[in-house]
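Biologist: Please take a close look at one part of this model, the sheet and what packs on it. If there is room, add a helix pair for comparison of how such contacts are described.

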Amino acid sequence: MDHKQVFEEFKSRCEAAGYLEPIHGEPGDDLASGINDDGTLLRFLRAREYNVENAFVQFSKTQKWRDANQLIKLYETIDVNSFEDTRKMYTHWTGRRDRKGTPICLFEIGHLTPSVMQAYSKSCLANSVRTTQTESEAMLRLFCTYESLVRFIMPLCSAIPNRVKPDLPVTSTTCIVDISGVGIMQFWRLNSHLQAASALATANYPETLGKTFVIGAPSFFSTIWGWLNGWFDKNTVSKICIVPPGQELTLLSEIIDPNNIPTKYGGTHDFSFGMFPDLDDEIKGNMTWLDDDLAKDKRLPVGSMRWIEKDGQRRVLAVGTENGVARHKEVIALTKANN
């Protein structure tokens, strides 16, 4: 099978259906990243094992789902504190990449205690981000973090030179899932919530989950693994590695430099779950900060971000709302980038 030829056929099919039309915004806005760009089309095609018809059906359903939930508007207007509260609860980027240039993400399920979930539910009701009646407040917030992954983080990692395959866009993550200390009752309480989130993510953000290391599996894990792996398609399940106790550093080091492995797992990266992304030196070396406060620590802004093109550069645009005021500020420019 010629994957390139199949991709072109799929792209032509999507174009004919009107799915690749420019997403309107101000001149220079690069809103297509993570929505209908080549990397996104490639993810859907891989998810359906390069079957054009099946990939087209899934992509069509996702476009309708996106429109029904007004995700463009939602991501542009979500309150930065609501975004950060959600980001810190679920899978989030450490600011580092693996040896292939893929973003490394971390998720510690033990933090999702009943009290945390109850407080989060109250926060969702008090600070509504709803634009439609299709999904719950909690799900809408969660999918803003997926939007950040596909519309900001992956395009950033794709733009950094000196990757193993610089001609291919970064379309997935390397994920560390820590289930240390999670009891069977906590798994059971989280079952419906995590299953619903996984189903929606698999349908609308396919193939974003790459190699996944499950750490701290309890003795009863084999008992629940049967229904847990039912949340994912077979491609995703094949990428999951259950790490035996004491083998964390050995297995993680196969694809991640120890400098980018959190100290908790034997590496030297001083990063804990819930922290803000700590950018690696190569990423920072390809950035020019346009905001003085951010430049002091060479960090990203809080909240939602996306890309624009201006003066021949790719620039980070901070969006969302802050204290009720819409935010639309250029904060970082890439000095060197893959096109």
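Modeller: In this predicted model, strand E7 is joined to strand E8, residues 313-318, by six bridges, and the two run antiparallel. One of these pairings puts Trp307 opposite Val316 of E8 as its bridge partner. Helix H7, residues 137-159, packs on the sheet to which these strands belong. H7 touches E6, E7, E8 and strand E11, which spans 329-334. The direction of H7 makes about 50° with that of E7.

The sheet itself is open and has four strands, in the order E6-E11-E8-E7, with antiparallel pairing. Its edge strands are E6 (287-289) and E7 (305-310), each of which pairs on one side only. On average, and with direction ignored, neighbouring strands of the sheet are turned by 35° against each other. In general, strands of a sheet pair through backbone hydrogen bonds, in either a parallel or an antiparallel way.

Now the helix pair. Two packed helices are described by the angle between their axes and the distance between those axes. For helix H5 (residues 80-89) and helix H6 (residues 114-126), the axes come within 11 Å and cross at roughly 155°. Angles over 145 degrees count as roughly antiparallel, and H5 and H6 are therefore roughly antiparallel to each other. Their crossing is left-handed. H5 contributes Asp85, Thr86 and Met89 to the contact, while H6 contributes Val116, Met117, Tyr120 and Ser123. By type, the residues of this contact between H5 and H6 are four nonpolar, two polar and one charged.

Key. Residues numbered from 1 in each chain as written. Predicted model: local features only at pLDDT ≥ 70, side-chain atom pairs only at ≥ 80, totals over all residues. Heavy atoms only, no water. Pairing = 2+ DSSP bridges. Axes fitted to C-alpha atoms, helices over the stretch in contact; angles between N-to-C directions. Contact = heavy atoms within 4.5 Å. Parallel < 35°, antiparallel > 145°, perpendicular 65-115°, else oblique. Left-handed = near helix turned anticlockwise from the far one by under 90°. Nonpolar A, V, L, I, M, F, W, Y, C, P; charged D, E, K, R; others polar.
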